[in-house]
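Hi,

Here is the structure I promised to pass on to you. Have a look at it first, and then read my notes below.

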Amino acid sequence: MTAHDDDGYATILAAFALAALLVVVIAVVHVGSAVSSRHRAQSAADLSALAAAGALDRGVADACSAGELVVNRMGGDMIGCVVEDWDVVVEVSISVELGVFGQRDAVASARAGPA
């Protein structure tokens, strides 16, 4: 075996290392996207619950409508709106695209009312 028999192995090794690095970067981007969507869903739920609780004096239907307006402006969908005494509980869903893993929903809920 001579030194010339090893020609090209470093190139193949570098190509495999680059491919592995690319897979890791893509996975990190998808996880970051999912985490970001979860935080957006929680923010939308929090703001929606506060808006609904603020509008509760006009009735349950108006309160949930006010909450849904906030969620829609934030790019989500309101799954549920329940009024328990003077507390409003909302559940929000925001879709996230995860590439080859398909489309999933980030779901969050929040409660707001008088202290």
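Let's start with one residue: Ser37 counts as buried because its relative accessibility is 4%, where buried means under 20% relative accessible area, exposed over 50% and partly exposed in between, with a 1.4 Å probe and protein chains only. Ser37 sits in helix α1, and beyond residues up to four places away in sequence it touches Val96 and Ala106; contact means heavy atoms within 4.5 Å.

A word on the basis: this is a predicted model, in which local features need pLDDT of at least 70 and side-chain atom pairs count only at pLDDT 80 or more, while totals for chains, interfaces and linings use all residues. Residues are numbered from 1 along each chain as its sequence is written, and side-chain values use heavy atoms, leaving out hydrogens and water.

The protein has two helices and three strands, in the order α-α-β-β-β along the sequence. These are DSSP runs numbered from the N terminus: helices are H or I with at least four residues, strands E with at least two.

The largest nonpolar core (buried Ala, Val, Leu, Ile, Met, Phe, Trp, Tyr and Cys residues joined through side-chain atoms within 4.5 Å) has 17 residues, and Ala41 and Ile94 are among those touching the most other members. At least two residues each come from α1, α2, β2 and β3, with the largest share, five, from α1. Leaving aside neighbours within four places in sequence, Ile94 contacts residues including Ala41, Met74 and Ala106.

Finally, the C-alpha trace spans about 85 × 25 × 15 Å along its principal axes.

Enjoy exploring!
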